[in-house]
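Subject: Structure for your study

Dear colleague,

Please find below the structure that I would like to hand over to you. I would be grateful if you kept it open while reading the notes that come after it.

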Amino acid sequence: MTAFILKATIALLVFYAFYRLFLVKERMFGFNRFFLIFALCFSLMVPFLQVPLSFQIGEDLFPEKVPAAFSSEISSENDTFPTQRGLQDEVEASLIAQSDTVVPWNTLLMGIYLSGLFFFLVRFIIQLVQLMRMIRNNLTLKANDCTYVLLKENTLPFTFLHFLFVEKASFQDKTIEKEILFHELTHIRQRHSWDILFLEVLKVVFWFNPVFLLYKNAMQLNHEFLADEAVIGRFRNKAAYQWLLFHKISGKEPALSIRSPFNFSSTRSRLIMMGQSSSKLKTRLLKSLSLFMTGFLMVFLSSGQSYDSATIYAENDYEQILAGALREGNPFELELNKLDLTALRTAYLELNEIEKSESTSFPFFDDLAFEKLLALQQAYPEVKTSILYESPPAKKEIEKDVFERWIKTRNISFTIDDREIEKAEIENYQPADFARFTVRETEAGGLFKKPSYSVSLMTHDYYDDKYVKPGKKIEGIQADYSNGANVEVPYWQQNTETKDGKTSKSFPENYEASIFHQLRVIDPVQLYKEIKKPIKYDPSKSFSIAIFAGEGKPLLFMKLPTI
């Protein structure tokens, strides 16, 4: 989402800067209207566009995805090595204090956004209601091009959709100048209100982004240019119309942001624009430049997918289908009921062997296992099945004062990314350079001897290469039953026997198919009640499960036969 907002804002600002520097000064109002609307739509779509190029500029500057494991709150692990004193106690204390003060930024920011969205949506609805009340509570007259709304209060004419709001007395006395009425009718005929409504909706959704205010002002001013151009073309008296505008700028108008007013605040710009002229060569050049700029932004800000081979599509499809079935808030739990298994199997079979080995594990595509998996999926919601993946260890932050004490400690050695370094080399790093660390006491202290320590450090790049980039591996399969029971099956690849370098036998037989079959047909609660002593099955023809039958009941570990 952050990458989308950044890319869209950059595109909006570039288009707006081009408009302010070049287009706003030219008499090409029809093109300018199209340009502003196109800029809004294109900027919101370009982050999702895919450009057939082998380089990915946008991806390097704005990564589309941040690994979900890093966006969640960091919890401390139990893999530190026990010691009674010294540096490790201080480090562990700092980690515990840090984990207790984690701020749920995602929830906080989402709350702020939704509050703003609600406020501006209510404000927008109130303005619409006010206009509807003005229409309902005042006399209306239908004409060919519009519906006149005769207002009792003294106000300048303004429009909304096909409604033209005018002062009742002036309209009945026919004292409203024809140029003013024609000006407002032009707004209606050219449907300018729809442009403003479109922008108002964007302002509600992206209320935090002030760029849309700039676009609204530019669009309203261009609407006035279009209406002024129509008036001058009809009445052929530019000087008289300019004089009329000058005398009308002090009129009263209602404070509604979604109507098209006669008295727009930039009257001076309108008067100046009436005296401007543009050459055809210049307008063509500016249109060509705008097209070139659009192409540049498309390459620079698009998602930048590479089209080098069709297999990349297959790999992306495979991973995207899996990603779409991940449990919200937990990128290491795959919900079976959300998967399109047929599409997933098709995408997987299109991968080559290297891509299969590097992608997320889902080894259930042989005929029998896939058949049983489909049957288990159809048992939802009585049986809610999840595939559980191994999650990477949490990152650990090193506090600055702890890092400095490490440097000052004499009896200490350092290892970075499984490589021993000289102690002096650690001074070239900062605490933020490391994703994880462990501290070991390598030699106990004595009466006149201080203990020795070894610190193992892992950089962020090494952490990503070790834990994030490799495809996720399955560690278990879980099933939740409608009667409240829960079953977990620890998953490991089948054991194999080899002969002359070739696999001669795999066991247990039909391992994955048996898991899916048993999860679908068993009643865990009944099984828990009836079993007194676990049945001993042949290890080559059985697999282990753990049953949790409800609150207050201990876990039951047992084996089930394969099919």
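The notes below go from the whole chain to its sheets, salt bridges and cores.

**The chain as a whole**

Please bear in mind that this is a predicted model. The protein chain contains 21 helices and 18 strands. Of its 563 residues, 42% are buried. Its accessible surface comes to about 31,500 Å², and carbon and sulfur atoms account for 56% of that surface. Among the contacts in the chain with a separation of 6 or more, 69% are between residues 24 or more positions apart.

**A sheet of four strands**

One part to look at is an open sheet with mixed pairing, in which four strands follow the order β10-β9-β12-β11. The edges are taken by β10 (419-421) and β11 (434-443); each of these has a single partner strand, so one side of each has no neighbour in the sheet. On average, neighbouring strands of this sheet are turned by 25° against each other, direction ignored.

The pairing of β11 with β12 (residues 452-459) is antiparallel and is made by eight bridges. Within this pairing, R436 has M458 in β12 as its bridge partner.

Two helices pack on the sheet. Helix α18 (residues 400-408) touches β9 (412-416), β11 and β12, and its direction makes about 45° with that of β11. Helix α19 (residues 460-468) touches β11 and β12; its direction makes about 70° with that of β12.

Helix α18 also holds a salt bridge of its own, between the side chains of R405 and D401 (3.7 Å, N to O). The two residues are four apart in this helix, so about one helical turn separates them. Both are partly exposed: R405 has a relative accessible area of 31%, and D401 has 35%.

**Further salt bridges**

A search of the whole structure finds 15 salt bridges. Two of them, described next, join different helices.

In the pair formed by R270 and E224, the closest N and O atoms are 3.6 Å apart. R270 belongs to helix α12 (residues 267-273) and E224 to helix α10 (residues 211-235), so this salt bridge ties together parts that are 46 residues apart in sequence. Are these two residues buried or exposed? R270 has 1% relative accessibility and therefore counts as buried, the cut-off being under 20%. E224 is buried as well, with a relative accessible area of 2%.

The side chains of D367 and R345 also meet in a salt bridge (2.9 Å, N to O). Here D367 lies in helix α17 (residues 367-378) and R345 in helix α15 (residues 341-349), so the parts tied together are 22 residues apart in sequence. D367 is exposed, with a relative accessible area of 61%, whereas R345 is partly exposed at 22%.

Salt bridges can also join into a network, as they do for R327, E333, E335 and K338.

**The nonpolar cores**

The largest nonpolar core has 45 residues. Which of them touch the most other members? They are Y318, L339, F362, F364, I477, I515 and L519. If neighbours within four places in sequence are left aside, I515 is in contact with I477, V489, Y491 and F543. A second, separate core has 31 residues, including F15, F18, F31 and A218.

**Strand β17 and its partners**

The last part to examine is strand β17 (residues 542-548). Six of its seven residues are buried, so this strand is largely enclosed by the rest of the structure.

Strand β17 pairs with two strands that are worth finding in the model. With strand β14 (residues 486-490), the pairing is antiparallel over three bridges, and V487 has I547 in β17 as its bridge partner. With strand β18 (residues 556-561), β17 pairs in the antiparallel sense over six bridges; there, I545 stands opposite M558 in β18. As you follow these strands, please recall that side chains alternate between the two faces of the sheet in a regular strand.

With kind regards,

A colleague

Definitions and conventions. Residues are numbered from 1 along each chain as its sequence is written. This is a predicted model: local features need pLDDT of at least 70, side-chain atom pairs count only at pLDDT 80 or more; totals for chains, interfaces and linings use all residues. Side-chain values use heavy atoms; hydrogens and water are left out. Two strands pair if DSSP finds at least two bridges between them. Axes are lines fitted to C-alpha atoms, for helices over the stretch in contact, and angles run from 0 to 180 degrees between N-to-C directions. Contact means heavy atoms within 4.5 Å. Buried means under 20% relative accessible area, exposed over 50%, partly exposed in between (1.4 Å probe, protein chains only). Accessible areas come from the Shrake-Rupley method with a 1.4 Å probe; for residues, only the protein chains shown count as cover. A salt bridge is a side-chain nitrogen of Lys or Arg within 4 Å of a carboxyl oxygen of Asp or Glu. A nonpolar core is a set of buried Ala, Val, Leu, Ile, Met, Phe, Trp, Tyr and Cys residues joined through side-chain atoms within 4.5 Å.
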